[in-house]
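Hi,

Here is the two-chain file I promised to pass on. Have a look at it first, and then read my notes below.

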Amino acid sequence: MFDRSAGVIMTLMLIGLPAGQARAQAAPEAAVARCFEVIPPQGRLRVAGPILLNRCNGDTWVLVRTYGGDDRRVYRWRPVAIERREAAFRPRLRPATEAPQVSRPSGSKCFIFDGRKFCE
Amino acid sequence: MRTLSGVCVLIALAAPAQGQAVTLAELNGATIETTIMYQTEARWNGQPVSTQSSHHRTVVLGPGNAGRTDWSMTITGPRGTRSSSPQSYSFTLGQPQQTQSLGGGHSLWTFANGTLTYLQTHRVGGFKSSIAFTRRAGGVACAVRAPLMREVGMGNNRRESVFGGDFEIIGSRQMSSSCRVATR
C-alpha cells in the first residue's frame with residue numbers, strides 16, 4: 001500500500017522539482033530511480049511524515065500537511081536543511097529528544113528553524 | 001603626576017569600554033521591559049480586520065543562562081480595545097522549546113554580541129525580537145526591534161489569535177517601540 005503511495009508521491013515530487021534539478025529530470029529513468037528513495041515514517045523518530053531522499057546528492061524532503069492559500073489543507077515536500085559535507089551519507093533524522101536545529105538566529109534577516117526558513 | 005596616570009590606567013582597565021558589547025554577565029539579574037506598537041492588516045477567522053496592537057514584554061535574565069518572561073497584548077480594532085491575559089514562562093538561552101502559545105510552535109532565546117534575540121515559530125511564519133544593549137554613562141540602555149518573519153514559500157503568516165480563532169496576517173508594521181533595562 002505504501003509502495004504505491006510512495007510511487008505517486010515520488011512522481012509528484014519529480015514533476016515539482018525546481019529548475020536546479022533539471023539535470024535529474026533529464027537523466028534516464030533508471031538513474032533517477034536509483035537516486036530517490038521514499039522512507040516511510042519511523043515510529044521512534046519525531047518526523048511524522050515520509051521522507052524523500054536523493055541518495056545521489058543528499059537532498060532530503062519531508063512530507064508535511066499544511067495550509068494552502070485558503071483554508072484547505074495541502075501536502076507539501078519541505079526541504080530538510082543539511083550540511084553539504086554530509087551529503088555523501090544518509091542524513092541523520094532528529095530524534096524526539098533532540099532540540100530543533102537553528103541557524104543564524106541573530107544578525108541576519110533570515111533564520112532557519114527546524115528545517116523551516118523565515119525571512120523579514 | 002605618575003600616580004595620577006596610574007589611577008587613570010586602572011580606571012580605564014576596570015570599566016568596560018563604550019565600544020565593547022554588553023555581556024550576559026553584566027545583565028545577570030537585569031529586568032528588561034519592552035513595548036512595541038504594530039499596525040496590522042489581517043483576516044481573523046476569514047474576516048478582514050485592521051488593528052493596532054501593543055505588545056508588552058518583561059524579561060528577567062539570570063542566573064546564568066536562565067531567564068523568565070511575561071507578555072501580554074492589547075489590541076484595538078473595529079470592536080474596541082481588548083487585552084489578553086498575561087502569560088509567563090521560563091527559558092534557557094540557546095535551548096529551543098515547544099510552546100502552546102498562539103496555536104503552538106517553537107521558541108528560542110539567544111544572547112550574542114550584546115543582543116538578546118527571541119525567535120518564535122507559528123503554524124505558518126514566525127516572529128523575531130532583537131533587543132540590542134548599549135552602554136551609556138552609568139548603566140545600560142536598550143532598543144528593541146521585532147519584525148514579523150515570513151516563512152519562505154508558505155504565504156501569509158498564520159497562527160491562533162490571542163483571543164482564539166485563526167489569525168492570518170497580511171501585513172504588519174512596527175509603528176513604535178520602547179525599551180528599558182534595569183540592572184541589579
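Let me start in the middle of chain B: B:Ala132 has B:Ala143 of S10(B) as its bridge partner. Before going on, the housekeeping: this is a predicted model, in which local features need pLDDT of at least 70 and side-chain atom pairs count only at pLDDT 80 or more, while totals for chains, interfaces and linings use all residues. Residues are numbered from 1 along each chain as its sequence is written, and chains are lettered from A and ligands numbered from 1 in the order in which they are written.

Back to those alanines. Their bridge belongs to the pairing of S9(B) with strand S10 (residues 139-145) of chain B, which is antiparallel and runs over 7 bridges. Strands here are DSSP runs of E with at least two residues, helices are runs of H or I with at least four, and both are numbered from the N terminus; two strands pair if DSSP finds at least two bridges between them. S9(B) and S10(B) form a hairpin with 2 residues between the strands, where B:Gly138 takes a positive phi near 80°.

S9(B) has other partners too. Strand S8 (residues 115-121) of chain B pairs with S9(B) (residues 126-136), antiparallel again and over 7 bridges, with B:Leu119 opposite B:Lys128. That hairpin leaves 4 residues between S8(B) and S9(B), and B:Gly125 in its turn has a positive phi of about 85°. S9(B) also pairs with S11(B) in the antiparallel sense, over 2 bridges; there B:Gly126 stands opposite B:Met149.

Which strand of chain A pairs with S11(B)? The partner is S7(A), antiparallel over 2 bridges with S11(B) (residues 148-151), and A:Cys119 is bridged to B:Arg150.

That brings us to the contact between the chains, which takes 17 residues from chain A and 23 residues from chain B (contact: C-beta atoms, placed from the backbone, within 7 Å). On chain A's side, strands S3 (60-67), S6 (110-113) and S7 (116-119) each supply at least two residues, and S7(A) has the largest share, 4 residues. By class, the side of chain A that touches chain B has 9 nonpolar, 4 polar and 4 charged residues. For those classes, Ala, Val, Leu, Ile, Met, Phe, Trp, Tyr, Cys and Pro are nonpolar, Asp, Glu, Lys and Arg are charged, and the others, Gly among them, are polar.

As for the overall make-up, chain B has 1 helix and 13 strands, with the helix coming before the strands, whereas chain A has 3 helices and 7 strands. Of the 184 residues in chain B, 28% are buried, while 11% of the 120 residues of chain A are. Buried means 20 or more other C-beta atoms within 10 Å of the residue's own, exposed means 12 or fewer, and partly exposed lies in between, with C-beta atoms placed from the backbone.

On to the packing. The largest nonpolar core has 29 residues, and B:Ile32, B:Ile131, B:Phe133 and B:Cys142 have the most contacts inside it. Strand S1 (residues 31-44) of chain B gives the most to this core, 4 residues. A second, separate core of 6 residues includes A:Ile51, A:Trp61, A:Leu63 and A:Val80. Such a core is a set of buried Ala, Val, Leu, Ile, Met, Phe, Trp, Tyr and Cys residues joined through C-beta atoms within 7 Å.

B:Ser176, in strand S13 (residues 166-182) of chain B, counts as exposed because it has 9 C-beta neighbours inside 10 Å. B:Ser176 is 140 residues from B:Ile36 in sequence, with the C-alpha atoms 5.9 Å apart.

Finally, confidence. Chain A averages a pLDDT of 62, and 37% of its residues score at least 70 (pLDDT is the predictor's confidence in each residue, from 0 to 100). Among the elements of chain A, helix H2 (residues 22-26) has the lowest mean, 44, and S7(A) the highest, 89. Residues 12-27 of chain A are below 50, with 8 contacts in the model beyond near neighbours in sequence. The pLDDT also stays under 50 over residues 85-97 of chain A, which have 19 contacts beyond four places in sequence.

Cheers

How values were computed. Two residues are in contact if their C-beta atoms, placed from the backbone, lie within 7 Å.
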